[in-house]
Amino acid sequence: MIPELAKPSVVMRDRGAVEEIIRNMHRAGPGALQVISDFDMTLTRFAFNGKRCPTSHNILDNSSLISDDCKSKLSDLLAHYYPIEIDSSLSVEEKVPLMVEWWTRAHDLLVQQQIRKDKLAEVVRESDAMLRDGYQVFFNSLKQHSIPLLIFSAGLGDILEEVIKHNDVFHPNVRVFSNYMEFDENGVLRAFKGQLIHTFNKREGALLNPDQFEQLQDRPNILLLGDSMGDLEMADGVQNFQNILHIGYLNDKVEERREAYVSSYDIVLEKDETLDVPNAIIRYITEGK
(Lines give C-alpha, C1' and ligand atoms only; values in the text may rest on other atoms or scores of the structure.)
Protein backbone atom coordinates (compact mmCIF):
# COMPACT_ATOMS: atom_id res chain seq x y z
CA MET A 1 0.00 0.00 0.00
CA ILE A 2 2.75 2.43 1.03
CA PRO A 3 6.22 1.03 0.23
CA GLU A 4 7.91 3.39 2.73
CA LEU A 5 6.27 1.48 5.60
CA ALA A 6 8.63 -1.40 4.75
CA LYS A 7 11.72 0.71 5.54
CA PRO A 8 13.98 -0.96 8.16
CA SER A 9 13.57 2.11 10.42
CA VAL A 10 9.79 1.54 10.68
CA VAL A 11 8.29 -0.38 13.62
CA MET A 12 4.51 -0.87 13.98
CA ARG A 13 2.57 -2.48 16.80
CA ASP A 14 -0.37 -3.30 14.49
CA ARG A 15 0.26 -2.84 10.79
CA GLY A 16 -3.33 -3.76 9.88
CA ALA A 17 -4.75 -1.03 12.13
CA VAL A 18 -2.33 1.52 10.69
CA GLU A 19 -3.34 0.66 7.11
CA GLU A 20 -7.03 0.86 8.03
CA ILE A 21 -6.58 4.39 9.49
CA ILE A 22 -4.67 5.50 6.38
CA ARG A 23 -7.36 4.05 4.08
CA ASN A 24 -10.04 5.92 6.05
CA MET A 25 -8.04 9.14 5.71
CA HIS A 26 -7.64 8.57 1.96
CA ARG A 27 -11.39 8.09 1.54
CA ALA A 28 -12.09 11.35 3.41
CA GLY A 29 -9.40 13.20 1.44
CA PRO A 30 -7.16 16.20 2.23
CA GLY A 31 -10.13 18.43 3.12
CA ALA A 32 -10.70 16.37 6.28
CA LEU A 33 -7.04 16.29 7.36
CA GLN A 34 -4.93 18.38 9.72
CA VAL A 35 -1.32 17.76 10.76
CA ILE A 36 -0.20 18.41 14.35
CA SER A 37 3.54 18.25 14.93
CA ASP A 38 6.32 18.85 17.38
CA PHE A 39 9.29 20.83 15.99
CA ASP A 40 12.68 20.07 17.55
CA MET A 41 13.95 16.59 16.61
CA THR A 42 10.65 15.86 14.83
CA LEU A 43 10.64 18.29 11.91
CA THR A 44 14.35 19.00 12.49
CA ARG A 45 17.14 16.44 12.31
CA PHE A 46 18.44 14.83 15.49
CA ALA A 47 21.92 14.32 14.04
CA PHE A 48 23.94 14.77 10.85
CA ASN A 49 27.15 12.85 10.07
CA GLY A 50 27.25 11.57 13.64
CA LYS A 51 26.98 15.05 15.19
CA ARG A 52 23.94 16.22 17.16
CA CYS A 53 21.93 18.96 15.48
CA PRO A 54 20.81 21.90 17.62
CA THR A 55 17.30 22.40 18.95
CA SER A 56 15.76 25.88 18.84
CA HIS A 57 17.04 26.44 22.40
CA ASN A 58 20.52 25.16 21.44
CA ILE A 59 20.70 27.53 18.45
CA LEU A 60 20.48 30.49 20.80
CA ASP A 61 22.43 28.90 23.66
CA ASN A 62 25.41 28.20 21.38
CA SER A 63 25.38 31.59 19.64
CA SER A 64 27.58 34.65 20.01
CA LEU A 65 24.64 36.44 21.69
CA ILE A 66 25.21 34.38 24.85
CA SER A 67 28.14 34.97 27.22
CA ASP A 68 30.52 32.10 28.06
CA ASP A 69 29.34 32.19 31.68
CA CYS A 70 25.70 31.85 30.60
CA LYS A 71 26.59 29.04 28.15
CA SER A 72 28.26 27.15 30.98
CA LYS A 73 25.18 27.52 33.22
CA LEU A 74 22.82 26.43 30.42
CA SER A 75 25.06 23.42 29.74
CA ASP A 76 24.93 22.47 33.43
CA LEU A 77 21.12 22.65 33.35
CA LEU A 78 21.02 20.38 30.29
CA ALA A 79 23.37 17.85 31.89
CA HIS A 80 21.18 17.75 35.00
CA TYR A 81 17.65 17.80 33.51
CA TYR A 82 17.86 16.04 30.10
CA PRO A 83 18.50 12.58 31.63
CA ILE A 84 15.39 13.15 33.78
CA GLU A 85 13.32 14.14 30.70
CA ILE A 86 14.09 10.86 28.90
CA ASP A 87 14.20 8.56 31.95
CA SER A 88 11.63 5.84 31.24
CA SER A 89 11.56 4.79 34.92
CA LEU A 90 10.00 8.11 35.99
CA SER A 91 6.33 9.00 35.49
CA VAL A 92 5.26 12.17 33.66
CA GLU A 93 3.84 13.45 36.98
CA GLU A 94 7.28 13.12 38.56
CA LYS A 95 8.97 14.85 35.63
CA VAL A 96 6.66 17.87 35.23
CA PRO A 97 7.81 20.03 38.18
CA LEU A 98 11.43 19.39 37.21
CA MET A 99 10.77 20.37 33.58
CA VAL A 100 9.10 23.61 34.75
CA GLU A 101 12.14 24.27 36.91
CA TRP A 102 14.52 23.64 33.96
CA TRP A 103 12.68 25.81 31.43
CA THR A 104 12.16 28.63 33.95
CA ARG A 105 15.81 28.71 34.97
CA ALA A 106 16.95 28.60 31.32
CA HIS A 107 14.58 31.41 30.28
CA ASP A 108 15.68 33.54 33.24
CA LEU A 109 19.30 33.14 32.13
CA LEU A 110 18.39 34.15 28.56
CA VAL A 111 16.56 37.28 29.72
CA GLN A 112 19.73 38.39 31.56
CA GLN A 113 21.62 38.31 28.22
CA GLN A 114 19.71 41.29 26.75
CA ILE A 115 19.23 39.51 23.44
CA ARG A 116 18.32 41.72 20.46
CA LYS A 117 15.44 40.71 18.21
CA ASP A 118 17.22 41.91 15.06
CA LYS A 119 20.03 39.39 15.64
CA LEU A 120 17.87 36.23 15.67
CA ALA A 121 17.77 35.60 11.90
CA GLU A 122 21.56 35.88 11.72
CA VAL A 123 21.98 33.41 14.61
CA VAL A 124 19.80 30.86 12.77
CA ARG A 125 21.73 31.35 9.51
CA GLU A 126 25.03 30.69 11.31
CA SER A 127 23.75 27.60 13.16
CA ASP A 128 23.83 23.91 12.20
CA ALA A 129 20.03 23.62 12.41
CA MET A 130 18.61 21.32 9.73
CA LEU A 131 15.08 20.35 8.87
CA ARG A 132 14.70 16.63 8.13
CA ASP A 133 15.37 15.35 4.61
CA GLY A 134 12.19 15.71 2.56
CA TYR A 135 11.07 18.90 4.34
CA GLN A 136 10.33 20.75 1.09
CA VAL A 137 7.93 18.01 -0.03
CA PHE A 138 6.34 17.93 3.43
CA PHE A 139 5.69 21.68 3.81
CA ASN A 140 4.89 22.30 0.15
CA SER A 141 2.44 19.41 -0.26
CA LEU A 142 0.54 20.52 2.85
CA LYS A 143 0.37 24.03 1.41
CA GLN A 144 -0.66 22.76 -2.03
CA HIS A 145 -3.59 20.82 -0.57
CA SER A 146 -4.49 23.54 1.98
CA ILE A 147 -3.89 21.17 4.90
CA PRO A 148 -3.30 23.04 8.20
CA LEU A 149 0.00 22.35 9.98
CA LEU A 150 -0.13 23.11 13.71
CA ILE A 151 3.28 23.07 15.40
CA PHE A 152 3.35 22.67 19.19
CA SER A 153 6.85 23.28 20.48
CA ALA A 154 8.48 23.49 23.91
CA GLY A 155 11.32 25.33 22.16
CA LEU A 156 11.69 29.00 21.27
CA GLY A 157 8.97 30.15 18.89
CA ASP A 158 10.93 33.12 17.55
CA ILE A 159 13.89 30.89 16.67
CA LEU A 160 11.93 28.01 15.15
CA GLU A 161 9.96 30.44 12.95
CA GLU A 162 13.30 31.77 11.69
CA VAL A 163 14.46 28.21 10.91
CA ILE A 164 11.32 27.57 8.83
CA LYS A 165 11.61 30.98 7.10
CA HIS A 166 15.33 30.42 6.40
CA ASN A 167 14.31 27.26 4.52
CA ASP A 168 11.58 29.15 2.58
CA VAL A 169 8.70 26.96 3.79
CA PHE A 170 6.84 29.22 6.27
CA HIS A 171 3.54 29.03 4.38
CA PRO A 172 0.18 30.58 5.41
CA ASN A 173 -1.19 27.16 6.50
CA VAL A 174 1.43 26.93 9.29
CA ARG A 175 0.50 27.92 12.86
CA VAL A 176 2.98 27.78 15.75
CA PHE A 177 2.29 27.43 19.50
CA SER A 178 5.51 27.85 21.45
CA ASN A 179 7.50 29.94 23.94
CA TYR A 180 7.71 33.42 22.45
CA MET A 181 9.99 36.19 23.56
CA GLU A 182 8.74 39.61 24.62
CA PHE A 183 10.94 42.51 23.53
CA ASP A 184 10.97 46.09 24.83
CA GLU A 185 10.65 49.18 22.62
CA ASN A 186 14.37 48.91 21.80
CA GLY A 187 14.01 45.32 20.58
CA VAL A 188 15.74 43.80 23.61
CA LEU A 189 14.44 40.60 25.26
CA ARG A 190 12.83 41.37 28.62
CA ALA A 191 10.55 38.37 29.29
CA PHE A 192 8.74 35.40 27.81
CA LYS A 193 5.06 35.68 26.84
CA GLY A 194 2.15 33.66 28.19
CA GLN A 195 2.20 30.22 29.73
CA LEU A 196 5.41 28.21 29.68
CA ILE A 197 5.29 25.25 27.28
CA HIS A 198 7.60 22.35 28.17
CA THR A 199 7.89 18.77 26.94
CA PHE A 200 5.04 17.40 29.05
CA ASN A 201 2.36 20.12 29.05
CA LYS A 202 1.59 20.42 25.36
CA ARG A 203 -1.89 19.13 26.16
CA GLU A 204 -2.49 22.30 28.18
CA GLY A 205 -1.13 24.35 25.29
CA ALA A 206 -3.61 22.60 23.02
CA LEU A 207 -6.51 23.12 25.43
CA LEU A 208 -5.62 26.81 25.85
CA ASN A 209 -6.27 27.31 22.13
CA PRO A 210 -9.80 25.93 21.65
CA ASP A 211 -10.61 28.59 19.03
CA GLN A 212 -7.86 27.28 16.79
CA PHE A 213 -9.26 23.76 16.97
CA GLU A 214 -12.86 24.93 16.56
CA GLN A 215 -11.88 26.48 13.22
CA LEU A 216 -10.70 23.01 12.21
CA GLN A 217 -13.80 21.09 13.30
CA ASP A 218 -14.45 20.05 9.71
CA ARG A 219 -11.05 18.30 9.72
CA PRO A 220 -11.63 15.23 11.93
CA ASN A 221 -8.58 13.30 10.70
CA ILE A 222 -5.23 13.96 12.37
CA LEU A 223 -1.69 13.04 11.47
CA LEU A 224 0.37 13.59 14.64
CA LEU A 225 4.18 13.72 14.57
CA GLY A 226 6.32 13.74 17.70
CA ASP A 227 9.51 12.49 19.30
CA SER A 228 8.60 12.29 23.01
CA MET A 229 5.87 10.69 25.09
CA GLY A 230 4.58 14.18 25.91
CA ASP A 231 3.90 14.82 22.21
CA LEU A 232 1.15 12.18 22.22
CA GLU A 233 -1.15 14.70 23.96
CA MET A 234 -0.81 17.48 21.37
CA ALA A 235 -4.17 16.62 19.76
CA ASP A 236 -6.12 16.60 23.02
CA GLY A 237 -7.76 19.93 22.13
CA VAL A 238 -9.44 18.40 19.08
CA GLN A 239 -13.13 17.66 19.54
CA ASN A 240 -14.87 14.86 17.64
CA PHE A 241 -11.90 13.49 15.75
CA GLN A 242 -12.54 10.39 13.62
CA ASN A 243 -9.09 9.05 12.78
CA ILE A 244 -5.74 9.82 14.37
CA LEU A 245 -2.38 8.37 13.35
CA HIS A 246 0.51 8.85 15.78
CA ILE A 247 3.99 8.83 14.20
CA GLY A 248 6.90 8.89 16.66
CA TYR A 249 10.57 9.56 15.97
CA LEU A 250 12.74 7.47 18.29
CA ASN A 251 16.04 9.31 17.99
CA ASP A 252 18.02 8.37 21.07
CA LYS A 253 18.44 5.46 23.52
CA VAL A 254 16.51 3.29 21.06
CA GLU A 255 16.80 -0.09 22.79
CA GLU A 256 15.68 1.07 26.22
CA ARG A 257 12.81 3.22 24.93
CA ARG A 258 11.53 1.07 22.04
CA GLU A 259 8.88 -0.77 24.06
CA ALA A 260 7.32 2.44 25.43
CA TYR A 261 7.25 4.07 21.99
CA VAL A 262 5.87 1.06 20.13
CA SER A 263 3.09 0.64 22.70
CA SER A 264 2.11 4.34 22.41
CA TYR A 265 2.78 5.44 18.82
CA ASP A 266 1.12 3.71 15.82
CA ILE A 267 4.29 4.07 13.73
CA VAL A 268 7.76 4.39 15.28
CA LEU A 269 10.66 5.64 13.17
CA GLU A 270 13.98 4.54 14.66
CA LYS A 271 17.00 6.73 13.89
CA ASP A 272 15.26 7.93 10.72
CA GLU A 273 16.42 11.43 9.75
CA THR A 274 13.86 11.81 6.96
CA LEU A 275 10.22 12.77 6.48
CA ASP A 276 9.84 9.93 3.95
CA VAL A 277 7.12 8.09 5.88
CA PRO A 278 4.91 11.13 6.69
CA ASN A 279 5.37 12.34 3.09
CA ALA A 280 4.33 8.95 1.68
CA ILE A 281 1.22 8.89 3.90
CA ILE A 282 0.27 12.46 2.92
CA ARG A 283 0.84 11.55 -0.75
CA TYR A 284 -1.45 8.50 -0.41
CA ILE A 285 -4.18 10.50 1.37
CA THR A 286 -4.10 13.28 -1.27
CA GLU A 287 -3.72 10.99 -4.32
CA GLY A 288 -6.29 11.66 -6.99
CA LYS A 289 -7.99 14.30 -4.85
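**Close-up views of a predicted model**

**View 1. Asn279 and its surroundings.** Asn279 touches Gly134, Val137 and Phe138 (contact: heavy atoms within 4.5 Å), leaving out residues up to four places away in sequence. This is a predicted model, where local features need pLDDT of at least 70, side-chain atom pairs count only at pLDDT 80 or more, and totals for chains, interfaces and linings use all residues. Residues are numbered from 1 along each chain as its sequence is written, and side-chain values use heavy atoms, with hydrogens and water left out. Asn279 sits in helix α11, residues 276–286 (helices are DSSP runs of H or I, at least four residues; strands are E, at least two; both numbered from the N terminus). With 6% relative accessibility, Asn279 is buried (under 20% relative accessible area, 1.4 Å probe, protein chains only). Its side chain reaches the backbone oxygen of Gly134 at 3.0 Å.

**View 2. Phe138 and the nonpolar cores.** Beyond four places in sequence, Phe138 touches Val35, Leu43, Leu149, Leu225, Leu275, Pro278, Asn279 and Ile282. Phe138 is also among the residues with the most contacts inside the largest nonpolar core, which has 71 residues (a core is a set of buried Ala, Val, Leu, Ile, Met, Phe, Trp, Tyr and Cys residues joined through side-chain atoms within 4.5 Å). A second, separate core of 18 residues includes Phe152, Ala235, Tyr261 and Val268.

**View 3. Thr199 in its loop.** Here we turn to Thr199, in the loop between β8 (189–192) and α8 (202–207). Thr199 is buried, at 8% relative accessible area. Setting aside neighbours within four places in sequence, Thr199 is in contact with Glu85, Trp103, Ala154, Ser228 and Gly230.

How values were computed:
Buried means under 20% relative accessible area, exposed over 50%, partly exposed in between (1.4 Å probe, protein chains only). A polar contact is a pair of N or O atoms within 3.5 Å; within protein, one must be able to donate a hydrogen and the other to accept it, and residues adjacent in sequence count only if both atoms are side-chain atoms.
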